[in-house]
Amino acid sequence: MKIIVILVICGFSWLCDASSGDRSPYYQNCVKVCESSNCTKDGSEFLKPDLQPVLERLLVWSCHDECTYECMWKTTKAFLERNWEVPQFHGKWPFVRFLGLQEPASVVFSLGNLAANLYMLRQFRARVRRDSPNYWLWHCFGAICCNAWLWSTIFHARDFPITELFDYAFAYSIVISSFCCALLRFLHARHFVIRLLVGVFCALFFMNHFAYLSVGRLDYRFNMQVNVLTGILGGSSWLIWYICTRSNRKYSWKILVFQVLAAASLLLELNDFPPLFYTFDAHSLWHLATVPLTLLFYSFLIDDCTSLRREKFKKEEDMKKLL
């Protein structure tokens, strides 16, 4: 669950167009020699079968991709032989590829988050009555989360411009929908039209942001600024809701713990390090850390909807008695 915006930013953003690895002459010359020796003019075929990875079965990599992958490891080895730090390439650490997956650990852990959301949505449907307030609101939120984690999985499997765009955009969809849901929770007792206007405004704002990111080159800085601002508003709204309701909603502690743990998991991103076994980097471990947070958040939603339903029917019974 990527509710805290700063986590989302760190989780989905690669802000460097070039890094020490791909900037190095060694790497650039290696790629040129490899392509001239092994690739056709369009770079779509192999002329040397030994370059074809043995384990690659799921995703197809071009000759250019294979050359950059091989040269990445040669450059990394050259750096380490000189006692230099492990280099990054285009803003990413070198990862061992598995079954064609570019970042296998992040793929697996993104799928773990997707599975956690799907599982808890089933638990929500099983334990919360359809006539409970906000029943369909949280279904929509769950669907948004599942979609974002699906694109996170695809993006980490292969980094293309289109997968990057969808990853960034749908990551923001979680941030703004969390903010929207916090506002709607505050406005629970307000008129339906007011709540509808809030939802429509957030939806239109997201669509506008998506359109902006889709035009031309992806604006990383602007995307970060929008995410940070929206996330701060959303996180603050939930914390204010907790402060206002903690005395009469005993389960509200769950949203506080969720916010604290989500913020604490940010330490994984702030203390980035080269991937263990060239597989598990801080970012992938953050994906792993968010899996149990999903369970906690949905537990809060189940308790909240159940409580609101009891209050709804108690109020209706009291009105009947007065009549």
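Start with the crossing of helices H5 and H6, which is left-handed in this predicted model. Select residues 104-127 for H5, and then add H6, to see the two helices pack at an angle of about 165°, with their axes 8 Å apart. Because angles over 145 degrees count as roughly antiparallel, H5 is roughly antiparallel to H6.

To look into the contact itself, show the side chains on both helices. On H5, the residues that take part include Ser106, Val107, Leu111, Leu114, Leu118, Leu121, Phe124 and Arg125, while on H6 the partners include Tyr135, Trp138, His139, Cys145, Cys146, Trp149 and His156. Coloured by class, the residues of the contact of H5 with H6 divide into 13 nonpolar, 9 polar and 1 charged.

Keep H6, which covers 135-157, and move on to the second largest pocket, whose volume is about 540 Å³. Its lining is made of 22 residues, and those that lie nearest its centre are Leu137, Cys140, Cys180, Leu184 and Gly199, a convenient set to select together. Helices H6, H7 and H8 each supply at least two residues of this lining, and H8, residues 192-214, gives the most, with 8 residues. By class, the lining of the second largest pocket has 15 nonpolar, 5 polar and 2 charged residues.

Next, select H7, residues 161-186, together with H8. These two helices pack at an angle of about 165°, and their axes are 10 Å apart, which means that H7 is roughly antiparallel to H8. The crossing of H7 and H8 is right-handed. Their contact is made by residues including Leu165, Phe166, Phe170, Tyr172, Ile176, Cys180, Leu183 and Leu184 of H7, which meet residues of H8 including Arg195, Val198, Gly199, Cys202, Phe205, Phe206 and Phe210. Cys180 and Leu184 of H7 and Gly199 of H8, which belong to this contact, also lie among the residues nearest the centre of the second largest pocket. The residues of the contact of H7 with H8 divide into 15 nonpolar, 4 polar and 1 charged.

For the last stop, hide H8, keep H7 and select H9, residues 220-245. Here the helices pack at an angle of about 25°, with their axes 9 Å apart, so H7 is roughly parallel to H9. The crossing of H7 and H9 is left-handed. On the H7 side, look for residues including Glu164, Tyr168, Tyr172, Val175, Phe179, Arg185 and Phe186, and on the H9 side for residues including Tyr220, Asn223, Val226, Gly231, Gly234, Trp238 and Trp241. By class, the contact of H7 with H9 has 15 nonpolar, 7 polar and 2 charged residues. Tyr172 of H7, which takes part in this contact with H9, also takes part in the contact with H8, and Ile176 and Leu183 of H7 likewise meet H9 and belong to the contact with H8.

Note on methods
Residues numbered from 1 in each chain as written. Predicted model: local features only at pLDDT ≥ 70, side-chain atom pairs only at ≥ 80, totals over all residues. Heavy atoms only, no water. Axes fitted to C-alpha atoms, helices over the stretch in contact; angles between N-to-C directions. Helix = DSSP H or I, 4+ residues; strand = E, 2+ residues; numbered from the N terminus. Parallel < 35°, antiparallel > 145°, perpendicular 65-115°, else oblique. Left-handed = near helix turned anticlockwise from the far one by under 90°. Contact = heavy atoms within 4.5 Å. Nonpolar A, V, L, I, M, F, W, Y, C, P; charged D, E, K, R; others polar. 1 Å grid on protein atoms, 1.4 Å probe; cavity = no way out; pocket = protein on both sides within 12 Å on 5 of 7 lines; lining within 4 Å. Points joined across faces, edges and corners; volume = space filled by probe spheres on them.
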